[in-house]
Amino acid sequence: MSEGAVITNLHEVRRQIAEAARAAGRTAESIALIAVTKTVDCQAVQWALAAGQQDFGENRVQELVHKSGALPAVCRWHLIGHLQRNKVRAALRTGAVIHSVDSAELLDRIAHIAAEEACRPRVLIQVNVSGEATKSGATPESALPLAERALQLPVVVLAGFMTMAPLEADRDARQGVFRTLRELRDEAQRRFGAPLPELSMGMSGDFREAIAEGATMVRIGTAIFSGRSGPAPA
Ligand SMILES: *Cc1c(COP(=O)(O)O)cnc(C)c1O
């Protein structure tokens, strides 16, 4: 992995995001690129930062704490992996957006700690749309009650929803998962009369399909930080 490769990959990913946005009749600015740094060290994050990237995602709290402490404060952090109860305080202290709220217990814990820490975290509800046993996330049925509960907690800001599509599924099936999340979000907005603008969906292999379905945050690691000179072909 070299600085040149990171820069080249970042430009290519941004170009493909803009292209997918255009195809969907959207603007590139309506989609935030979150560079997922879970496989790389701080040096590679610095290279991306120097190339103008400011949103970064980590899936483990320990690594999030380490990197957010070591890197410049202009970085905006996103916790995209499962959050254990006993790590909520550490996660909130980084100021990260929490993409992985998947139960009322975790939500209440976040609210409790946020009140103690006098912070107001932005959170997303992670939904296991495909129902895969190996994936975390709330069931689609429990997602709306969970959203309602989050909207009643003044100490958290519910920004929207997050999902992961099954990697082994074909493109149409993945796009179907993203569409289901958007419809769930639309239903929540209607029912609760609150804006829930963010849809965190799409990774290196499926961000085009996610953008077609309204993704506002794409979480991309491999296509930026792999040693290859460009992202996976479309
Ligand atoms: C690792 C990870 C990503 C990025 O996946 P790539 O295929 O490397 O782009 C996105 N979201 C979550 C939750 C992840 O754990």
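This report walks through how the strands and helices fit together in a predicted model.

## Strands side by side

Let's start with the strands. S2 covers residues 55–58 and S3 covers residues 76–79, and these two pair in the parallel sense over four bridges. If you want one bridge to look for, find Asp55, whose partner in S3 is Arg76. To get from S2 to S3, the chain goes through helix H3 (residues 61–70), and this β-α-β crossover is right-handed.

S3 also has a link to strand S4 (residues 97–101): the two run parallel and are joined by two bridges. Here you can look for Leu79, which has Ile98 as its bridge partner in S4. Together with helix H4 (residues 88–93), S3 and S4 make a β-α-β unit, and this unit is right-handed. One handy thing to keep in mind while you look at strands: in a regular strand, side chains alternate between the two faces of the sheet.

## H1 meets H2

Now for the helices. When two helices pack, we describe them by the angle between their axes and the distance between those axes.

Take helix H1 (residues 3–23) and helix H2 (residues 42–50): their axes come within 9 Å and cross at roughly 50°. Roughly parallel would need an angle under 35 degrees, and roughly perpendicular starts at 65, so H1 and H2 count as oblique to each other. Their crossing is right-handed. Which residues make the contact? On the H1 side they are Glu3, Val6 and Leu10, while H2 brings Ala44, Trp47 and Ala48. Sorted by class, the residues in this contact of H1 with H2 are five nonpolar, no polar and one charged.

## H5 alongside H6

Next up are helix H5 (residues 104–117) and helix H6 (residues 140–151), which pack at an angle of about 15° with their axes 10 Å apart. That angle makes H5 and H6 roughly parallel to each other, because the cut-off for this label is under 35 degrees. H5 passes H6 in a right-handed crossing.

The contact here uses Ala104, Leu107 and Asp108 from H5, together with Leu146, Arg149 and Ala150 from H6. Split by class, the contact of H5 with H6 has four nonpolar residues, no polar ones and two charged.

## H6 again, this time with H7

H6 has a second partner to look at: its axis and that of helix H7 (residues 171–192) come within 10 Å and cross at roughly 45°. H6 and H7 are therefore oblique to each other. The way H6 passes H7 is a right-handed crossing.

What does H6 bring to this meeting with H7? Its residues are Pro140, Ala143, Leu144, Ala147, Glu148 and Leu151. Facing them in H7 are Leu184, Glu187, Ala188, Arg191 and Phe192. Class by class, the contact of H6 with H7 comes out as eight nonpolar, no polar and three charged residues.

Note on methods: Residues numbered from 1 in each chain as written. Predicted model: local features only at pLDDT ≥ 70, side-chain atom pairs only at ≥ 80, totals over all residues. Heavy atoms only, no water. Pairing = 2+ DSSP bridges. Right-handed = clockwise from strand over helix to strand, strands pointing away. Axes fitted to C-alpha atoms, helices over the stretch in contact; angles between N-to-C directions. Parallel < 35°, antiparallel > 145°, perpendicular 65-115°, else oblique. Left-handed = near helix turned anticlockwise from the far one by under 90°. Contact = heavy atoms within 4.5 Å. Nonpolar A, V, L, I, M, F, W, Y, C, P; charged D, E, K, R; others polar.
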